[in-house]
Amino acid sequence: MKACDDAMHLADHKWDKIMGPVWDQAQRHVASELKLPDAQTIAFAPNTHDFIVRIVSAIPTRPVRILTTDGEFHSFRRQIERWAEDKEVVVDAVPADGLFDKAEAGGYDLIFASQVLFNSGTVLQDIERLAALSRPEGPWTVIDGYHGFMALDTDLSGVADRLFYLSGGYKYAMAGEGVCFLHAPPGFAPRPTITGWYAAFEDLALSPGEVGYAPDGRRFLGSTFDPSGLYRFNAVQTMLAETDLTTGKISDHVGKLQQHFLNDTRLSAMRLLNPVDGKPHARFLAFKGENAGTLHQVLTERQVVTDVRGDVLRIGFGLYHDVEDVDRLNEILRETGCASLLI
């Protein structure tokens, strides 16, 4: 409603507010959550795919040599596979446990990995180890925080000068679509080839016809966008601050629900890929087994929302769940006979 009010009252002048105080506030929220030393390294876009394309466009060598895991999101995987068809990139996709050794062996322009792998819930440890390899001249390390931002306490203060980090408001930030962001380390990718007029800045030293770029995170901007996501993001962040709901507190709540579920559920026919062991954990439990599709379908018919990827069933828990919800889930598993599939 605030975004709509500003648009109606300010018309085209709304952009002075959006790219001023609204933008600045959103940057500060992201920087605070990630412990970034400079909020100006943050840029916003409708989706993270825009940023991926611009990062790769800034790499001067062709084909671009990309090291990644075999558990990345569909959009990134599809894009690099299509680029590979045209020999724009050469891709080496390895299991997560082999990523670090491969990266340290060298020979890559871009190292891309998820903070939390979406298919298994595996949390990527030792991000600092990958960041240590990054140089302005290459390689560059990009961490996709889709399942990490505001799901795990994340401190990038020690690697902010070497690491790209991208995520958005769609999931755990509770802000919906259209408000994704990139932290871009200073000195890395100063002039993306794919660019829009929002990335420009006034520079009287430029020769006529030369394309200029903002010196901070704005160099990764595109063109006109729907700003309502920024308003939603700021509103949610303000609400969380007022109610003292930190990422750590929400994670503790979710962890207790996960453990409560596991205490009352026998899953010997399926393997839990991401055990609850007291370490940083995804907001979902990932169970691997041949019954994954069947369980997903039966639960869907009972209006229980889960997610299935091949033979992996993901059961998510959130701030809006309590112990009674978990007990009800286990009751439904017993009522539908799913419990027999889990034994």
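Q: Where does Lys 35 lie?
A: In this predicted model, Lys 35 is found in the loop that runs between α2 and β1 (42-45).

Q: Why is Lys 35 called partly exposed?
A: The relative accessible area of Lys 35 is 43%. Buried requires a value under 20% and exposed a value over 50%; Lys 35, at 43%, satisfies neither condition and is therefore partly exposed.

Q: What makes the backbone of Lys 35 notable?
A: Lys 35 is not a glycine, yet has a positive phi of about 60°. Most residues other than glycine have a negative phi.

Q: Why does Ala 189 count as buried?
A: The relative accessibility of Ala 189 is 1%. The limit for a buried residue is under 20%, so Ala 189 meets the condition. Ala 189 is located in the loop between β7 (180-183) and α7 (228-242), and has a positive phi of about 50° without being a glycine.

Q: What makes the protein as compact as a globular protein of its length?
A: The model comprises 11 helices and 11 strands. For 343 residues the globule rule gives 20 Å, and the radius of gyration is 22 Å; because these values are close, the protein is as compact as a globular protein of that length. Along the principal axes, the C-alpha atoms fill a box of roughly 75 × 55 × 35 Å, and 49% of the 343 residues count as buried.

Q: Which residues have the most contacts inside the largest nonpolar core?
A: They are Phe 44, Trp 140, Phe 164 and Leu 230, in a core of 82 residues. Helix α2 (residues 14-34) gives the most to this core, with eight residues. A second, separate core has 19 residues, including Phe 287 and Leu 295. In soluble globular proteins, nonpolar side chains tend to be buried together.

Q: Which residues does Phe 164 touch, not counting those up to four places away in sequence?
A: Among them are Ile 55, Trp 140, Leu 182, Phe 188, Ala 189 and Phe 220.

Q: How do you know that Leu 67 is buried?
A: Leu 67 has 0% relative accessibility. Since buried means under 20%, Leu 67 is buried. Leu 67 belongs to strand β2 (residues 64-69). The C-alpha atoms of Leu 67 and Asp 92 are separated by 4.9 Å, although the two residues are 25 residues apart along the chain. Beyond four places in sequence, the contacts of Leu 67 include Asp 92, Val 94 and Ile 111.

Q: Why is Ile 111 called buried?
A: Its relative accessible area is 2%, and the cut-off is under 20%, so Ile 111 is buried. Ile 111 is part of strand β4. Leaving out residues up to four places away, Ile 111 touches Leu 67, Trp 140 and Pro 139, among others.

Q: Which peptide bond leads to Pro 139, and what is its form?
A: The bond from Gly 138 to Pro 139 is cis, with omega near 0°. Pro 139 is situated in the loop between α6 and β5 (140-144). The bond from Arg 62 to Pro 63 is also cis, with omega near 0°. Most peptide bonds are trans.

Q: What makes Phe 118 a buried residue?
A: Phe 118 has 6% relative accessibility. The requirement is under 20%, and therefore Phe 118 counts as buried. This residue occupies the loop between β4 (110-114) and α6 (127-131). Residues that Phe 118 touches more than four places away in sequence include Phe 73, Phe 284 and Arg 309.

Note on methods: Residues numbered from 1 in each chain as written. Predicted model: local features only at pLDDT ≥ 70, side-chain atom pairs only at ≥ 80, totals over all residues. Heavy atoms only, no water. Helix = DSSP H or I, 4+ residues; strand = E, 2+ residues; numbered from the N terminus. Rg over C-alpha atoms; globule rule 2.2 N^0.38 Å. Buried < 20%, exposed > 50% of the residue type's maximum accessible area, 1.4 Å probe, protein only. Core = buried A, V, L, I, M, F, W, Y, C linked by side-chain atoms within 4.5 Å. Contact = heavy atoms within 4.5 Å.
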